[in-house]
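Reader: Thanks for sharing this one. Please take me through a close look at one part of it, residue by residue, and then set that part against the chain as a whole.

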Amino acid sequence: MRQPGKKRNKSSTNDIHIDGYNSDSSTFKLKEISEHDRVFVTKGPYRYKIKNQNFTDDGTQSWLWRPHVVTLLTATVGILVYMALRFDDDNSDINAKRGVAVACGVFLIQAATQFNDGPFVRPHPVVWRLILGASVLYEMALIFLLFQKPEDGRQALQFLDPALGKKLPEQTYADDCRIYVEDHPSGDPYHNLFKKLDRFVVAHFVGWLVKALAFRNIKILLVCSLAFELFEYMLEFQLPNFGECWWDHWILDFVICNGGGILVGLLLCRYLSMKEYRWRGIHTIPTARGKIMRAISQFSPYAWSNFYWGPYKDLKHWLVTLFAIWMMLCSDLNAFYLKTTLWIPANHSLNVYRLLFAGSAAPVAVAELNAYINDPECTKMGQQVSIVTLILVTEALIAYKYGEDIPPLAEADPLWLCVAGIVSAIVIIITIRYAIKEISPIHRKTSEKKLKVIL
């Protein structure tokens, strides 16, 4: 336990600040953690809170964890010189694609070496810097599309795939909602059910599992799960793709895919929070089997802590929780609107790449958001939160600008508009209540008295 008035020890090797560090030993260890002790692993300007008592790190750093800026700079310059002198094609399209690819590659190398570290350190901080760099590149591409005419923007996507740029036929999944059809033309009476069990069901399940690992809060997950199903009902007049049978909405999607993914994800969170984390340098392990297991475990979390959101604690927690819910719902809705307005088929690889990007960037953004409301030393939102917010807003603007064939929201079912208005009014009232409570002099005096009593 850290004694009162004693400064926290710091490690110059791993930049790890941790209570219970023995200056005579090279081992970092957590001991007898109480509610008032805070333990942080610091990488860059953001802190990731650890509440796991079964955690040690001997502080060993391998060659891969040292900066290699000069090496990478030399290699990058050499590759640029070689490609500039060696490759000169007469085909303008090939030159354009090569130029864009090399420009993106150089930017990602710069991001890997110069961007700040985020809250995650496994398998290596450079991985999360590359994800941040890819986020910036994606946002730049979205901004380019935003300032094009819809027809020109869709044609620009043919630069990536010549098969794009063609209007997609409207498709609904609610044409025949019978589960059992005895005389079905296919010969299978359960054809309507089994045709829904495709690879998208697996992707749906995995997506909610990743969301559970990112948000680590069952209430937020259930609110988003229910809200999205209601959005599908409300927005079906805009996107026929949202049209589904009742059993597809509530049994296959809400219960099996959403609920199953949330359940498995939260069980995995529970396991990771109870797991022991004993980190040693791979060169200090004597056996070959131990070295192999240590290399594999590099792709597991460095440590694990469940997130505390506390939306009813104060105005800041309430607004950040609402913002996190908005991020999840906006990301899901944008996926459907973008593929409709940009004429991208559902099975196209661009949709897969966007989902993989969202699954990689979202956990970092959520961790930074949670640190922003719980870490007293974190005074600003993280870099990944900022770029993800810009991406979501830009995607929504593209969907609005390119959706010339989509009916306006005013044509929605009046019942759903009333429901949306009531929910929005409730949220606004709660927000105003917290804001008044926050600035009320009586509340401030009461808080000061409570603080004096505690001290």
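Author: Happy to. Helices here are DSSP runs of H or I with at least four residues, strands are runs of E with at least two, and both are numbered from the N terminus. With that in hand, Asn334 can be placed in helix 10, which covers residues 315–341. Please keep in mind that this is a predicted model, in which local features need pLDDT of at least 70 and side-chain atom pairs count only at pLDDT 80 or more, while totals for chains, interfaces and linings use all residues. Residues are numbered from 1 along each chain as its sequence is written, and side-chain values use heavy atoms, with hydrogens and water left out.

Let's stay with Asn334 for a moment. Its relative accessible area is 5%, so Asn334 is buried (under 20%; exposed is over 50% and partly exposed lies in between, with a 1.4 Å probe and protein chains only). Beyond four places in sequence, Asn334 is in contact with Arg354, Leu392, Glu395 and Ala396 (contact means heavy atoms within 4.5 Å). With Leu392 there is a polar link: the side chain of Asn334 reaches the backbone oxygen of Leu392 at 3.2 Å. A polar contact is a pair of N or O atoms within 3.5 Å; within protein, one must be able to donate a hydrogen and the other to accept it, and residues adjacent in sequence count only if both atoms are side-chain atoms.

Another asparagine, Asn192, sits in helix 5 (residues 191–194) and is buried at 2% relative accessibility. The side chain of Asn192 makes a polar contact with the side chain of Asp176 at 3.2 Å, and reaches the backbone oxygen of Arg178 at 2.9 Å. Outside a window of four places in sequence, Asn192 touches Asp176, Arg178, Val181, His184 and Trp247.

Now to helices 6, 7 and 8. Helix 6 (residues 199–215) packs with helix 7 (residues 218–234) at an angle of about 140°, their axes 9 Å apart. Axes are lines fitted to C-alpha atoms, for helices over the stretch in contact, and angles run from 0 to 180 degrees between N-to-C directions. From helix 6, Trp208, Lys211, Ala212 and Phe215 meet Ile220, Leu221, Cys224 and Ser225 of helix 7.

Helix 8 (residues 246–274) holds Gly261, which is buried with a relative accessible area of 0%. Apart from neighbours within four places, Gly261 is in contact with Phe205, Trp208, Leu209, Ala212 and Ile256. Although Gly261 and Lys211 are 50 residues apart along the chain, their C-alpha atoms are separated by 8.5 Å.

Asp253 is in helix 8 as well, and is buried with a relative accessible area of 7%. Its contacts, leaving aside neighbours within four places, are His204, Glu229, Glu232, Glu244, Asp248, Asn258 and Gly259. The C-alpha atoms of Asp253 and Phe205 are separated by 8.6 Å, with their positions 48 residues apart along the chain.

Finally, the whole chain: it comes to 14 helices and six strands, and 38% of its 455 residues count as buried. Among contacts between residues at least 6 apart in sequence, 71% join residues at least 24 apart.
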